[in-house]
Amino acid sequence: MTVQAPARHKVVVIGSGFGGLFGTKALRRAPVDVTMLAKTTHHLFQPLLYQVATGILSEGEIAPPTREVLSGQHNAQVLLGEVTGIDLGTRTITSHVLGRETLTPYDSLIVAAGANQSYFGNDHFSEHAPGMKSIDDALELRGRIFGAFEMAELGANRGDNVDHLLTFVVVGAGPTGVEMAGQIAELAHRTLKRDFRAINTRTARVILLDAAPQVLPPFGQKLGAKAKSELEKLGVEVILGAMVTDVDERGIEMKFKDGRVERIKTVTKIWAAGVQASSLGRILAEQTGAPLDRAGRIGVNPDLTLPGHPEVFVVGDMIALDNLPGVAQVAIQGAKYAAKEIRNRIEDKAPQEPFRYFDKGSMAIISRFNAVAMVGRLRLTGVIAWLMWLAVHLVYITGFKSRVTAVLHWFISFLGRGRSERTTTEQQIFARAALARLRRGAKAQIILPLIDKP
């Protein structure tokens, strides 16, 4: 008589970001079968999106295919699909892609779905001020930024006023906003200064806008003041204490604390002001009674599990625990902790101590050879902080090939004045609007007949 081997423990990981990828890789030697469910086919190194948007790096260098990254991990499977439902009672995940539904069962679950851009209740702003959370965002912004210079050249040749085309506004003075504003300033004042005939790109206005009273609030007052000073030396106008109240095709409106309302005429707006946790947090909260904070993050137990559901771990930007910041290291360390806990349970080992985050520091690049870094009690600025930034980001870029090409492109951009990735198309700029129309219409009816043909 043949004895059937017992089914292996099934682990589902939702998300292909830092939490999802590192959680999956941490289970490579565990006696489990891992299924990664994600709505994209790549692992995104989100901290470098602004370099894609400003032409320094290609999207492939910061977003390698997930299947390629995990090709050598034989207990891992990758499935494409946007998760729309989690049933904690039946332990199943519902996902959709192109109108087709897939049901995936699990024994243990790691939810690492990350966060989206937050417009603080003004989602209509996104049409005119894209965020910085996806490859689509970065490619659209690349098209808008370089396209603004092209349209300004055309307008100037006709004798038109092109000031609104040569004004760039970045909303949000956190690390992403600071890095983005600095790179646009370098584009205008250094990279493109010889490329146009009818316009002088060095006259472009780059404005960094935030409702907070300082630049880089998490870095402390001293580093924030240093970053502000260095940005202003680059020609960036820093406006603080101003809240955005309206965004349209031709400009942005802001209100100061004293009641003043001002409008800036600008075609190119970039939103880097806030984040909202994945909507999966609400789905989990409704089934467990776990609290949600204002950013949609869900309260978890000290071991990163949900109340009443020790088989479900939530990691990264989705969790509200001990005021943990929404940074990559929280997701990486949390995912590794969850993976080890799953393995301990299968091997009948004692549980770990409650999760504790080890802060490895924070960094933000301002311009070439200039950055700020906060590592423990150490505060660094200038070239040393910039070299540290390069080294740390190089370590976390996935894949040897991507590291080599990133170094070459950094060499071109930082030592020279070129940008290797300046190609843009109208499709990149307007594809988001076209896709939105498809989603409102009959996307499935358009696409499914094509893939259903024999």
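How do the residues of the lining of the second largest pocket divide into nonpolar, polar and charged, and how many belong to each class? In this predicted model, the lining comprises 11 nonpolar residues, one polar residue and one charged residue. The volume of the second largest pocket is about 250 Å³. Of its 13 lining residues, Phe 120, Ala 211, Met 243, Val 244 and Ala 273 are the closest to the centre of the pocket. Two strands, S10 (205-210) and S12 (242-248), each contribute at least two residues to this lining. Strand S12 provides the largest share, namely three residues.

Aromatic contacts were examined next. A search of the whole structure identifies 10 aromatic pairs. One of these joins Trp 386 and Phe 414 in an edge-to-face arrangement, with a centre-to-centre distance of 5.4 Å and an angle of 75 degrees between the planes. This pair connects distant parts of the chain, as Trp 386 belongs to helix H10 (residues 383-396) and Phe 414 to helix H11 (residues 400-415), with the two positions 28 residues apart in the numbering. Both Trp 386 and Phe 414 are buried. A further pair, formed by Trp 389 and Trp 410, is tilted, with 5.7 Å between centres and 50 degrees between planes. It likewise links distant parts of the chain, with Trp 389 in helix H10 and Trp 410 in helix H11, 21 residues apart. Trp 389 and Trp 410 are both buried.

Elsewhere, ring pairs join Phe 18, Phe 22 and Phe 45 into a cluster. The face of Phe 22 is also approached by a charged side chain: Lys 25 lies over it, at 6.0 Å from the ring centre. A corresponding arrangement is found for Arg 260, which lies over the face of Phe 256 at 4.0 Å from the ring centre.

Trp 386 also takes part in the surroundings of Asn 370. Asn 370 is located in strand S22 (residues 370-375). Its relative accessible area is 10%, and Asn 370 is therefore classed as buried. When neighbours within four places in sequence are set aside, the contacts of Asn 370 are Glu 230, Ile 365, Gly 382 and Trp 386. The C-alpha atom of Asn 370 is 30 Å from that of Lys 265, a residue 105 positions away along the chain.

Helix H11 is followed by a loop leading to helix H12 (426-440), and Glu 421 lies in this loop. Glu 421 and Val 52 are 369 residues apart along the chain, yet their C-alpha atoms are separated by 7.6 Å. Apart from neighbours within four places in sequence, Glu 421 contacts Gly 55, Ile 56, Leu 57, Ser 58, Arg 142 and His 409.

The region around strands S5 and S6 was considered in turn. Thr 94 is part of strand S5 (residues 92-97). With a relative accessible area of 18%, Thr 94 falls under the 20% limit and so counts as buried. Excluding residues up to four places away in sequence, Thr 94 touches Glu 82, Val 83, Thr 84, Gly 85, Glu 101, Thr 102 and Leu 103. The loop between S5 and strand S6 (100-105) contains Leu 98. Leu 98 is partly exposed, having a relative accessible area of 34%.

Beyond S6, Tyr 106 occupies the loop leading to strand S7 (108-111). Tyr 106 is buried, with a relative accessible area of 2%. Its contacts, not counting residues up to four places away in sequence, are Lys 10, Val 12, Asp 87, Leu 88, Arg 91, Thr 92, Ile 93, Glu 311 and Val 312. Tyr 106 and Gln 276 are separated by 170 residues in sequence and by 26 Å in space, C-alpha to C-alpha.

Backbone geometry was also examined. Most residues other than glycine have a negative phi. Leu 98, although not a glycine, has a positive phi of about 50 degrees. Asp 322, likewise not a glycine, has a positive phi of about 55 degrees. Asp 322 is situated in the loop between strand S20 (319-320) and helix H9 (328-346). The relative accessible area of Asp 322 is 63%, and the residue is therefore classed as exposed.

Definitions and conventions
Residues are numbered from 1 along each chain as its sequence is written. This is a predicted model: local features need pLDDT of at least 70, side-chain atom pairs count only at pLDDT 80 or more; totals for chains, interfaces and linings use all residues. Side-chain values use heavy atoms; hydrogens and water are left out. Rings of Phe, Tyr and Trp (its six-membered ring) pair if their centres lie within 6.5 Å; planes under 30 degrees apart count as stacked, over 60 as edge-to-face and the rest as tilted. Helices (H or I, at least four residues) and strands (E, at least two) are DSSP runs, numbered from the N terminus. Buried means under 20% relative accessible area, exposed over 50%, partly exposed in between (1.4 Å probe, protein chains only). A charge sits over a ring if NZ of Lys or CZ of Arg is within 6 Å of the ring centre and within 35 degrees of the ring normal. On a 1 Å grid over the protein atoms alone, a cavity is a set of points where a 1.4 Å probe fits but cannot get out, and a pocket is an open set with protein on both sides within 12 Å along at least five of seven lines; lining residues have an atom within 4 Å of a point. Grid points are joined across faces, edges and corners, and a volume is the space filled by probe spheres set on the points. Ala, Val, Leu, Ile, Met, Phe, Trp, Tyr, Cys and Pro count as nonpolar, Asp, Glu, Lys and Arg as charged, and the others, Gly among them, as polar. Contact means heavy atoms within 4.5 Å.
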